[in-house]
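Grab a coffee and work through these exercises on helix packing and empty space in a protein model. Try each task before you read its solution.

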Amino acid sequence: MHHALEIQEIVSNIFDHFSDDNTAAPSLAALAITCRTFKEPALDVLWRTLDDLSALARCLPKTSRRLKCRGYIYTIHRPLTQSEWDILRSYTRRIQSILYFGDGHALDKKSIKILSNPPSPGPLFPNLHTMYCTYSKRTMPLLHLPLPSLVYLVVDFKNPDLFLDSSKSFPNFSPHIRDIFISVLGTRGASFYKIEPDYFCRWRNLCDVGCHQVALDRDALVHLSRIPTLTRLECALSTTFPASDSFLSLSNLLHMTLKSDFLDPVSRLLSQTRLPAIKNFFAFVGNRPSRQELTSFLAGLQTSGTGNTIEELLLLQSCDSSSNSLRSEAPLLGLKDLWPCLEFSNLRHLRLNIEWNVDLADSDVLELAALPQLDSFRINDDWGWNSRGGITPGGLVRLLQTCPSLRRLNLVLDTRGYTELPSTQTLANLGLTLTPSFCIDVLDSIIEAESVPAIATLLSGIAACTGYFFFRAWSGRGMAEHPNMKEYRELWGDVEGRVDDSLGCPESSDSDSDAEVTSLE
């Protein structure tokens with residue numbers, strides 16, 4: 001054997017290349033029994049990441065374990081001897097990540113109870129730093145073992161009361177958590193559960209907190225505001241979130257996502273919070289906001305100190321919870337409503353998607369898109385504009401000339417009277433310098449058959465100015481009830497086909513199109 005392979009750092013570096021290969025386990029096992037030099041580094045990589053805990057049972061003598069439930073679950077059917085505990089510890093000390101630990105998977109309740117009571121006081125998993133688990137009565141004991149190195153925890157739970165009662169002791173067993181993500185299984189929509197502030201108060205180094213179905217009260221947010229390491233927060237707000245005269249300062253928070261049944265609690269929090277470093281702010285609501293709520297929301301963003309830092313703003317209303325009132329009775333979104341967005345000097349991504357009708361013409365869109373670094377401009381990509389107007393083809397060209405950094409554009413195109421084919425000279429003089437990938441969604445744009453050739457020719461000219469051009473129309477869930485949706489979608493499909501033909505592109509299915517848009521995002 002070459003002398004270089006006797007140096008542990010070199011061997012470990014080589015074996016590390018197996019760590020991302022799901023099929024490498026047999027090779028690593030073979031290396032571990034090849035020679036003493038290879039044994040430790042091969043076992044370290046082999047045991048570094050476990051899909052589940054069944055491997056622990058399989059490393060025990062057959063006299064102490066067996067399969068049950070049609071071979072899916074292992075059971076340790078007797079107390080372990082000291083030598084068997086030593087075997088387990090020789091492997092558990094190597095485990096750094098457990099990718100799934102949940103009900104009805106890998107180990108039965110009896111086995112977990114045995115593993116949760118090791119005879120010696122040292123931690124069974126001293127180097128475990130990442131764990132994904134489902135919290136239940138069966139899995140709870142193992143989570144209450146000392147996990148001194150755990151920093152990344154993802155927890156799903158079905159029983160909120162069980163989880164919230166026992167979760168207060170988490171910080172005692174895992175005191176160094178930096179990133180924690182909590183979700184509720186088997187719920188739809190905005191089902192929010194409250195977590196007491198004590199749950200977070202003993203963690204001092206949190207960086208990333210994600211609990212979009214768990215409502216944090218003001219006391220919990222006050223504690224989080226005192227943690228200088230916190231950079232990302234995702235949580236729910238209850239409709240009773242209180243107003244307050246005292247201010248919260250999340251001075252180093254870069255990314256914030258708030259979910260609520262209504263927009264008003266989000267606005268109340270913004271009005272009493274300072275976010276001097278925020279880059280991304282997302283708000284998800286379950287009901288159509290009123291004009292007053294939208295005004296308060298944008299005003300709250302301004303007063304929270306985000307004007308010079310925010311780069312991405314998203315306000316999204318779920319399409320699963322439309323208003324009971326008619327769409328024709330919805331508020332009309334105009335330039336005046338969106339004017340505060342122009343105060344965000346570094347805004348790159350603007351996306352509003354609410355059950356409002358939209359009235360924006362050429363001058364309005366050009367005014368809103370005047371931000372120097374705008375990358376995406378998306379207004380009602382699910383709900384549509386429900387409007388006969390929109391930006392004209394000429395306005396679209398001026399918009400793209402004004403904003404060469406645009407990569408994603410969602411708006412309605414007003415094609416009325418646009419039937420004359422653009423000349424070759426007109427297309428040659430477009431003067432566009434688009435990004436390498438460009439996506440335009442014309443939403444619920446109305447189009448007549450006589451406008452199809454002219455629109456297709458113009459879009460073909462635009463598409464020729466970019467390396468990758470993606471187009472779609474009438475794909476939002478909120479547009480499905482329009483009486484003429486099928487007709488307009490077919491006409492826009494004809495436009496898309498003509499553009500593809502001009503570029504020499506193969507036909508793509510709807511599923512392919514969705515995947516391509518997702519990749520762009």
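A cavity is a set of grid points where a 1.4 Å probe fits but cannot get out, and its volume is the space filled by probe spheres set on those points. Keep in mind that this is a predicted model.

**Exercise 1. The cavities**

Task: Find how many cavities of 30 Å³ or more there are, then work out which residue classes line the largest and the second largest cavity.

Solution:
- Step 1: count them. The search turns up 2 cavities of 30 Å³ or more.
- Step 2: take the second largest cavity. Its volume is about 40 Å³, and the residues around it are I98, F125, L128, M131, L142 and L147.
- Step 3: sort that lining by class. The second largest cavity has 6 nonpolar lining residues, with no polar and no charged ones.
- Step 4: now do the largest cavity, at about 50 Å³. Its lining is made up of L224, S225, I227, P228, L230, S249, L250, S251, N252 and L253.
- Step 5: sort again. Here you get 6 nonpolar and 4 polar residues, and no charged ones.

**Exercise 2. The largest pocket**

Task: Work out which element gives the most residues to the lining of the largest pocket, and describe the lining by class.

Solution:
- Step 1: get the volume, which is about 620 Å³ for the largest pocket.
- Step 2: look at the lining of 23 residues; A25, L46, T49, L50 and D51 lie nearest the centre of the pocket.
- Step 3: assign elements. Two or more lining residues come from each of α2 (25-32), α3 (36-48), β1 (49-50) and α4 (54-58).
- Step 4: pick the top contributor. That's α3, with 5 residues.
- Step 5: split the lining by class, and you find 13 nonpolar, 4 polar and 6 charged residues.

**Exercise 3. α3 and its partners**

Task: Are α2 and α3 roughly parallel or roughly antiparallel? Then describe how α1 meets α3.

Solution:
- Step 1: start with the axes of α2 and α3, which come within 7 Å and cross at roughly 155°.
- Step 2: apply the cut-off. Angles over 145 degrees count as roughly antiparallel, so α2 and α3 are roughly antiparallel to each other.
- Step 3: add the handedness, which is left-handed for α2 and α3.
- Step 4: list the contact. α2 brings A25, L28, A29, L31 and A32, while α3 brings F38, K39, A42, L43, V45 and L46.
- Step 5: classify these residues: 10 are nonpolar, none is polar and 1 is charged.
- Step 6: turn to α1 (residues 8-16). The axes of α1 and α3 come within 9 Å and cross at roughly 35°, and this crossing is right-handed.
- Step 7: list this contact too. Q8, V11, S12, F15 and D16 of α1 touch F38, E40, P41, A42, V45 and R48 of α3. The classes are 6 nonpolar, 2 polar and 3 charged.

**Exercise 4. α16 and α18**

Task: Decide how α16 and α18 are oriented to each other, and say which residues meet.

Solution:
- Step 1: read the geometry. The axes of α16 (residues 393-402) and α18 (residues 452-463) come within 11 Å and cross at roughly 5°.
- Step 2: angles under 35 degrees count as roughly parallel, so α16 and α18 are roughly parallel to each other.
- Step 3: find the contact. P393, L396, V397 and L400 of α16 meet I455, L458, L459 and I462 of α18.
- Step 4: classify it. The contact of α16 with α18 has 8 nonpolar residues, and no polar or charged ones.

Notes
Residues are numbered from 1 along each chain as its sequence is written. This is a predicted model: local features need pLDDT of at least 70, side-chain atom pairs count only at pLDDT 80 or more; totals for chains, interfaces and linings use all residues. Side-chain values use heavy atoms; hydrogens and water are left out. On a 1 Å grid over the protein atoms alone, a cavity is a set of points where a 1.4 Å probe fits but cannot get out, and a pocket is an open set with protein on both sides within 12 Å along at least five of seven lines; lining residues have an atom within 4 Å of a point. Helices (H or I, at least four residues) and strands (E, at least two) are DSSP runs, numbered from the N terminus. Ala, Val, Leu, Ile, Met, Phe, Trp, Tyr, Cys and Pro count as nonpolar, Asp, Glu, Lys and Arg as charged, and the others, Gly among them, as polar. Axes are lines fitted to C-alpha atoms, for helices over the stretch in contact, and angles run from 0 to 180 degrees between N-to-C directions. Angles under 35 degrees count as roughly parallel, over 145 as roughly antiparallel, 65 to 115 as roughly perpendicular and the rest as oblique. A crossing is left-handed if the near helix is turned anticlockwise from the far one by less than a right angle, and right-handed if clockwise. Contact means heavy atoms within 4.5 Å.
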